[in-house]
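This briefing is intended for a reader who is meeting a protein structure in detail for the first time. Please keep the sequence and the three-dimensional view at hand while reading.

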Amino acid sequence: MIDLRSDTVTQPTAGMRKAMMEAPVGDDVFGDDPTVNRLQAISAERAGKEAGLFLPTGTQSNLAGLMAHCERGDEYIVGQNAHTYKYEGGGAAVLGSIQPQPLANAADGTIPLDLVAAAIKPDDTHFAKTRLLALENTIGGKVLPASYVAEATSFAKSKGLATHLDGARIWNVMVASNASLADLCGGFDTVSMCFSKGMGAPVGSVLVGSKELIKRAARWRKTLGGGMRQAGVLAAACLYALDHHLTRLRTDHENAEKLAKGLGEIPALKITSQSTNMVFVAVPEKDCAPLATFLKERGILTLMSPNLRLVTHGDMTVADIDTAIAAFKAYFK
Ligand SMILES: *Cc1c(COP(=O)(O)O)cnc(C)c1O
């Protein structure tokens, strides 16, 4: 199978499974797991933050982060297309009693700062208290312009807002822009990073920030059911990914570029964007269902839609990309 649905489908490699098997462990709810502690410390250090917290998923990591910043009745400003707002079951509102203030993302994934400024509520009993600005990088595979991140985070600070980054794919940003993790996280109070996407771990995210914020997030993690016991088995996979899978992401980006180029030669298709490990393709509505079936019969899995997202990852070779391109071409011939 050539699985283009997501980079979450990656299987743990043999080396990763071995590292998991050999990991020293303890009860992490008591803070006793040496492998979790090591992952938290290394993640924090590389991100230039005081502390880190290991959580089972990116959804919980974002939510614990938002809840560390915001009280009941506070508000966070977030992009209309942001994962935190759109794809996490409304957790901030449902479980955190935090009101989202979604704003339209520009085509490059940024939230225009004039919109942010206009959305900040005055201190008035009519309004929720605007507490936080949340950004996402990459967003739809796109790397946020570094100048925008610098401007947005300093603007938020000047308005007394805290800042959170959903950096589920921050690793792809590092590789695409040759930036250090500390540079990319610098302006943010908290950053959530996923190991279960292109990094190839079976599960796991780390939230980084100040000691005080991480202490608050750890409390919410327990409340949200994310306190795990011998979690070092999982943290070992994340540590292994940091050492062995990070620079490999470059290949995913090259494969996505190759895929976009190949599919771009098909007149019926239009490449709407290609950045890092994602390709977005406009597919004629009438072709969606038959194309999906045609591809599936040839061992190619997609989440077919008129705005098709194709994602490259480590369980895919250059030859697989050629096979996929050839299959699309065969359908449209
Ligand atoms: C995958 C993802 C998350 C977290 O997803 P989980 O499946 O809960 O780990 C958060 N933000 C973005 C942008 C993501 O792609």
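The points below treat the sheets, the pocket, an aromatic pair and the backbone in turn. The structure is a predicted model. It contains an open sheet of 7 strands and an open sheet of 3 strands. About 1000 Å³ of space lies in its largest pocket.

**The sheet of 7 strands**

- The strands of this open sheet follow the order 2-8-7-6-5-3-4, and their pairing is mixed.
- Strand 2 (51-55) and strand 4 (99-103) form the edges; each has a single partner strand, so one side of each is left without a neighbour in the sheet.
- On average, neighbouring strands of this sheet are turned by 20° against each other, direction ignored.
- Within the sheet, strand 7 (residues 190-194) pairs with strand 8 (residues 205-209) in the antiparallel sense, over 5 bridges. M193 stands opposite V206, which belongs to strand 8.
- Helix 2 (residues 34-47) packs on the sheet and touches strand 2, strand 7 and strand 8. The direction of helix 2 makes about 130° with that of strand 2.
- Helix 10 (residues 211-223) also lies across strand 2, strand 7 and strand 8, and runs at about 20° to strand 2.

**The sheet of 3 strands**

- This open sheet has the strand order 9-10-12, with antiparallel pairing.
- The edges are taken by strand 9 and strand 12; each has a single partner strand, so one side of each lacks a neighbour in the sheet.
- Neighbouring strands of this sheet are turned by 20° against each other on average, with direction ignored.
- Strand 10 and strand 12 are joined in the antiparallel sense over 5 bridges. F280 stands opposite R309, a residue of strand 12.
- Helix 12 (residues 249-264) lies across strand 9, strand 10 and strand 12, and it runs at about 170° to strand 9.

**The largest pocket**

- Rolling a probe the size of a water molecule over the atoms shows where empty space is left.
- The largest pocket is lined by 40 residues. N81, Y87, G140, F280 and R309 lie nearest its centre.
- The elements that give two or more residues to this lining are helix 3 (58-69), helix 4 (83-86), strand 9 (270-275), strand 10 (278-282) and strand 12 (307-311).
- By residue class, the lining of the largest pocket divides into 12 nonpolar, 18 polar and 10 charged residues.

**An aromatic pair**

- A pair of aromatic rings is described by the distance of the centres and the angle of the planes.
- The structure holds 3 aromatic pairs. One of them is formed by W171 and F195: the pair is tilted, with 5.1 Å centre to centre and 45° between the planes.
- W171 lies in helix 8 (residues 170-177) and F195 in the loop between strand 7 and strand 8, so the pair ties together parts that are 24 residues apart in sequence.

**Backbone features in loops**

- Most residues other than glycine have a negative phi, and most peptide bonds are trans.
- A cis peptide bond joins N137 and T138, with omega about -5°. T138 lies in the loop between strand 5 (129-136) and helix 7 (146-158).
- N178 has a positive phi of about 50°, although it is not a glycine. N178 is found in the loop between helix 8 and helix 9 (181-185).

Notes
Residues numbered from 1 in each chain as written. Predicted model: local features only at pLDDT ≥ 70, side-chain atom pairs only at ≥ 80, totals over all residues. Heavy atoms only, no water. 1 Å grid on protein atoms, 1.4 Å probe; cavity = no way out; pocket = protein on both sides within 12 Å on 5 of 7 lines; lining within 4 Å. Points joined across faces, edges and corners; volume = space filled by probe spheres on them. Helix = DSSP H or I, 4+ residues; strand = E, 2+ residues; numbered from the N terminus. Nonpolar A, V, L, I, M, F, W, Y, C, P; charged D, E, K, R; others polar. Pairing = 2+ DSSP bridges. Axes fitted to C-alpha atoms, helices over the stretch in contact; angles between N-to-C directions. Contact = heavy atoms within 4.5 Å. Phe/Tyr/Trp six-rings, centres within 6.5 Å; stacked < 30°, edge-to-face > 60°.
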